[in-house]
Amino acid sequence: MEETGGGATAYGASLAGGGFNFQKFARQPQTIVRFLSWIFAIVVFACITTEGYVNPSYSPHAKCIFNQNDSACNYAVGIGVLGFLACVAFLLLDAYMPLMSNAQERKYAVMADLGFSGVWTFLWFVCFCLLASQWGRTHDVSGIPEDAARATVAFSFFSIATWGILTYFALGRYRRGVDDVAVPTYTEPPPDHHTPYPPTYAPTAYAPTTYTPTTYTPTTYSAYPSSGSDVYPQAPFAANPQPQGDAGYQPPSY
């Protein structure tokens, strides 16, 4: 239904992060149908505004060519002008859609497209029925541009088809949503029913390490050898004796 180029998409548009590809955008069926709807809307309101009003022979005021029912002409012009502006707005929105990084914003854009396209399909159907009915009741066609009247009725019918296709495209994009985006998810491995534990944590046989006891032999040390008596000939820290020459010196007292 829509060309995606093989990449991941969300709500019918490629994910954010890439540049705008005009050739890819122009080849999309949705863009082509919306452009046709834009052309058909121009034809409808242009035919009525340029040739849709004539002066009858018995009245100085211009009347609508559709059975002199001004309401029919005004309705067709209003639907055509609003449809023309809506096509331009939604074309710009379709071009901006790949640049939207928020999926919620894309959802609102698709919902707006779906709602407007559905409503305008119904309004174009009412417009076609009204114009066809009033043109069938027009008996005096002298001085009336019949080609303009028939073109208005025909392109009103074509607009029903194009806006219906746009509604179908918008509905498809809304249903898909973000399902086109492949989100990696973690899945647990299937449990092994042959063992009471998962295969990753299956217990293994435990082999305890055995230790052989050995006899402890204490280390013996020989006595420190001593030569002679333990009595020292003199104290190791004896006071130094006074020199013999200074034995009679006494320090002066002050």
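User: Glad to look at this one with you! How many helices and strands does the protein chain have, and what pattern do they follow along the sequence?

Analyst: Happy to start there, with the reminder that this is a predicted model. The protein chain has 5 helices and 4 strands. Read along the sequence, these elements follow the pattern β-β-α-α-β-β-α-α-α.

User: Which element has the highest mean pLDDT, and which the lowest?

Analyst: For the protein chain, the mean pLDDT is 78, and 65% of the residues reach 70 or more. Over residues 1-6 the pLDDT is below 50, although this stretch has 19 contacts in the model beyond near neighbours in sequence. Residues 181-185 also stay under 50, with 3 contacts beyond four places in sequence. Among the elements, the highest mean is 95, in α2, and the lowest is 56, in strand β2 (residues 13-14).

User: Helix α2 sounds like a good place to continue. What is the distance between its end C-alpha atoms, and what should its span be?

Analyst: Helix α2 covers residues 29-51, which makes 23 residues. At 1.5 Å a residue, the expected span is 33 Å, and the end C-alpha atoms agree with this, being apart by 33 Å.

User: What covers the buried residues of α2?

Analyst: The buried residues of α2 include Val33, Phe40, Ala41, Val44, Phe45 and Ile48. Polar names are on that list too, among them Gln30, Thr31, Arg34 and Ser37. The cover over the buried residues of α2 includes α1 (22-27), β3 (53-54), α3 (70-96), α4 (103-136) and α5 (146-176).

User: Which helix supplies the largest share of the largest nonpolar core?

Analyst: That core has 27 residues, and those with the most contacts inside it are Phe66, Ala76, Trp120, Trp124, Leu131 and Trp163. Helices α2, α3, α4 and α5 each supply at least two of its residues. The largest share is 7 residues, and it comes from α3.

User: Phenylalanine 66 is a nice residue to zoom in on. Which residues does phenylalanine 66 touch, not counting residues up to four places away in sequence?

Analyst: Phe66 is one of the residues with the most contacts inside the largest nonpolar core. Leaving out residues up to four places away in sequence, phenylalanine 66 touches Cys73, Leu131, Gln134, Trp135, Thr138, Ala149, Thr152 and Val153.

User: On to the rings. Why is the pair of phenylalanine 45 and phenylalanine 84 called edge-to-face?

Analyst: The structure holds 13 aromatic pairs. In this one the ring centres are 6.1 Å apart and the planes are at 65°, so the pair is edge-to-face. The pair links phenylalanine 45 in helix α2 with phenylalanine 84 in helix α3, 39 residues apart. An angle over 60 degrees is what counts as edge-to-face.

User: Are phenylalanine 45 and phenylalanine 84 buried or partly exposed?

Analyst: The cut-off for buried is under 20% relative accessible area. Phenylalanine 45 has 19% relative accessibility and therefore counts as buried. Phenylalanine 84 has a relative accessible area of 22%, so phenylalanine 84 is partly exposed.

User: What kind of aromatic pair do phenylalanine 116 and tryptophan 163 form?

Analyst: Phenylalanine 116 lies in helix α4 and tryptophan 163 in helix α5, 47 residues apart. At 23% relative accessibility phenylalanine 116 counts as partly exposed, whereas tryptophan 163, at 0%, counts as buried. Centre to centre the rings are 5.8 Å apart, with 55° between the planes, and the pair is tilted.

User: Which residues does serine 117 touch, not counting residues up to four places away in sequence?

Analyst: Serine 117 is found in helix α4. With a relative accessible area of 0%, serine 117 is buried. Beyond four places in sequence, serine 117 touches Trp163, Leu166 and Thr167.

User: Let's finish with the cysteines. Which cysteines form a disulfide?

Analyst: The structure holds 1 disulfide. Its two cysteines are buried, and with 65° about the S-S bond the link is right-handed. The sulfur atoms are 1.7 Å apart, and they belong to cysteine 64 and cysteine 73.

User: Why does cysteine 127 have no bond to the closest cysteine sulfur, and what is the distance?

Analyst: Cysteine 127 counts as buried, at 0% relative accessibility. The closest cysteine sulfur is in cysteine 129, and it is too far for a bond because the distance is 9.3 Å.

How values were computed: Residues are numbered from 1 along each chain as its sequence is written. This is a predicted model: local features need pLDDT of at least 70, side-chain atom pairs count only at pLDDT 80 or more; totals for chains, interfaces and linings use all residues. Side-chain values use heavy atoms; hydrogens and water are left out. The expected span of a helix is 1.5 Å times one less than its number of residues. Buried means under 20% relative accessible area, exposed over 50%, partly exposed in between (1.4 Å probe, protein chains only). Contact means heavy atoms within 4.5 Å. pLDDT is the predictor's confidence in each residue, from 0 to 100. A nonpolar core is a set of buried Ala, Val, Leu, Ile, Met, Phe, Trp, Tyr and Cys residues joined through side-chain atoms within 4.5 Å. Rings of Phe, Tyr and Trp (its six-membered ring) pair if their centres lie within 6.5 Å; planes under 30 degrees apart count as stacked, over 60 as edge-to-face and the rest as tilted. A disulfide is a pair of cysteine sulfur atoms within 2.5 Å.
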